[in-house]
Amino acid sequence: MGFKISVIEGDGIGPEIMKATIKVLELLNEKQGLGLEFKHVDAGDKAKEKYGEPLPNTSFEVIRNSHCCLKGPIGETAGSVIVPLRMKLDLYANIRPAVTLPSIASLFKDVDILIVRENTEGLYKGIEDKTDEYAFSVRVITRKKTERIAEEAYWRAAKRKRKVTVVHKANVLASCRLFREVCLEVSRRHPEIQTNELYVDNAAYQLIKNPLQFDVILVSNMFGDILSDEAAAVVGSLGLCPAANIGERFAIFEPVHGSAPDIPKEYGNPTAMMLAAKMMLEWLGEKHGEKKLFKAAQIIWKSICDVLREKKVRTPDIGGNSRTEEFASEVMGKISLYV
Ligand code: NAD
């Protein structure tokens, strides 16, 4: 079976880390007959310059008609691309693993956290206004969407260490009180899973103080956005952390990070982007019952771990001075040994 993958290369370091990732996928495609077919689409800052809008309808149609989308980081127009894509395609679950990788200087060893973030409402719902004198953004929390993301978190926890931490600010916000109530209702359907709750400010503190206490973090949209950057710092770099935006029928895979405009374009760490591609292969594999996609995902994981363990080639964010493409060549060298 063939899979059409729509590809948004992104801005800043995006094109380089995407080029590196596509090379890895193409190598696996060729050696393992994965049936991946890539279709590049314009979206982001460059699309805005070219067409006057960051997500032209023609791009949206190509994305919608693909099996899934691999997305690089976008720059200033990110909010006008990924947020509408999440809403229009109902990609309700934002899944963000933060895992300690081999030989990476991190605050703690053996961190393995899965942030499960509601992706379609909360403060990013877009109900807002701004004048010179006042501005507001409405935070929308609904029972239906909270229940859906909570079930997702418990389903994932059942396959991991069976612990869910519900994060909110229910002592202050009415919207958080509903989020908390519904999450705790769902927790009662899953007595085999341990549940605890933390106020978001304490959760931010605990993430640095003792990240080993966390398994799955169940959280609303903006709090999850913030905590996942913090979790990336705990495991060593934003350049190491992937994300999946998952709905019933479609999914978009991207790094947690943005376009990193403060570093030279050719020095971005492609690990997060490559691990997003790994998550994509796993999602496709599960959806279509294709074992070889899982195998390819494992090969990406093992090859990246080998390269990091050897410490020969490292991008500056993790203490080296290698370029994106040098890191990618090493990963491809390792892949060749596994295929
Ligand atoms: P950022 O994530 O781009 O960068 C934060 C810090 O992490 C920077 O110091 C950067 O150099 C570093 N970093 C990030 N990714 C890295 C990588 N792969 N390798 C090495 N270092 C890396 O966040 P920001 O600076 O707040 O935002 C920059 C732009 O990205 C903004 O225009 C923002 O709108 C956009 N953004 C897009 C997305 C998205 O596309 N989903 C997400 C976040 C930010």
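## Lys50 and Asp42

Lys50 counts as exposed, at 57% relative accessibility. In this predicted model, Lys50 is joined by a salt bridge to Asp42, and the closest N and O atoms of the two are 3.2 Å apart. Asp42 has a relative accessible area of 31%, so this residue is partly exposed.

## Overall form

The protein contains 11 helices and 12 strands. Its C-alpha trace spans about 55 × 45 × 40 Å along the principal axes. For 339 residues, a compact globule would have a radius of gyration near 20 Å, and the 19 Å of the protein agrees with that.

Of the 339 residues, 54% count as buried. The surface that the protein exposes comes to about 14800 Å², with carbon and sulfur atoms supplying 51% of that area. Contacts reach across the sequence: among those between residues at least 6 apart, 75% join residues at least 24 apart.

## Charges and salt bridges

The protein has 48 positive and 46 negative charges, and the mean positions of the two sets are 5 Å apart. Side chains of opposite charge can pair when their charged atoms come close. The count of salt bridges comes to 23.

One of the salt bridges is formed by the side chains of Asp215 and Arg160, at 2.9 Å from N to O. This pair links distant parts of the chain, with the two positions 55 residues apart in sequence numbering. Asp215 is in the loop between helix H7 (200-209) and strand S10 (216-219), while Arg160 is in the loop between helix H5 (143-158) and strand S8 (163-168). The two partners also differ in exposure: Asp215 counts as buried because its relative accessibility is 2%, whereas Arg160, at 26%, counts as partly exposed.

Another salt bridge brings together the side chains of Glu326 and Arg323, with 3.9 Å from N to O. Glu326 counts as partly exposed at 32% relative accessibility, and Arg323 counts as partly exposed at 29%. Elsewhere, Lys71, Arg86 and Glu254 are joined into one network by salt bridges that share partners.

## A buried acid without a salt bridge

Asp11 is located in the loop between strand S1 (3-8) and helix H1 (14-32). Asp11 is buried, yet has no salt bridge. For Asp11, the nearest side chain of opposite charge is that of Lys46, 4.3 Å away. A salt bridge requires a side-chain nitrogen of Lys or Arg within 4 Å of a carboxyl oxygen of Asp or Glu, so the pair is not counted as one.

Lys46 is also among the residues that Asp11 touches, when those up to four places away in sequence are not counted. The others are Gly44, Asp45, Pro73, Ile74, Gly75 and Ser259.

## Positive phi outside glycine

Asp110 is a residue other than glycine with a positive phi, near 60 degrees. The loop between strand S4 (93-99) and strand S5 (112-118) holds Asp110. With a relative accessible area of 63%, Asp110 is exposed.

Lys311 is not a glycine either, and has a positive phi of about 60 degrees. Lys311 lies in the loop between helix H10 (291-310) and helix H11 (324-338). Its relative accessibility is 51%, so Lys311 counts as exposed.

## His190 and Ala158

His190 is found in the loop between helix H6 (174-188) and strand S9 (194-199). At a relative accessible area of 15%, His190 is buried. Apart from neighbours within four places in sequence, His190 is in contact with Glu151 and Tyr154. The C-alpha atoms of His190 and Ser228 are separated by 25 Å, and these residues are 38 apart along the chain.

Ala158 belongs to helix H5 and is partly exposed, with a relative accessible area of 34%. Between the C-alpha atoms of Ala158 and Gln194 the separation is 9.9 Å, with the two residues 36 apart along the chain.

Terms used:
Residues numbered from 1 in each chain as written. Predicted model: local features only at pLDDT ≥ 70, side-chain atom pairs only at ≥ 80, totals over all residues. Heavy atoms only, no water. Helix = DSSP H or I, 4+ residues; strand = E, 2+ residues; numbered from the N terminus. Rg over C-alpha atoms; globule rule 2.2 N^0.38 Å. Buried < 20%, exposed > 50% of the residue type's maximum accessible area, 1.4 Å probe, protein only. Contact = heavy atoms within 4.5 Å. Areas by Shrake-Rupley, 256 points an atom, 1.4 Å probe, with all protein chains shown as cover. Lys, Arg positive; Asp, Glu negative; His and termini not counted. Charge placed at Lys NZ, Arg CZ, Asp CG, Glu CD.
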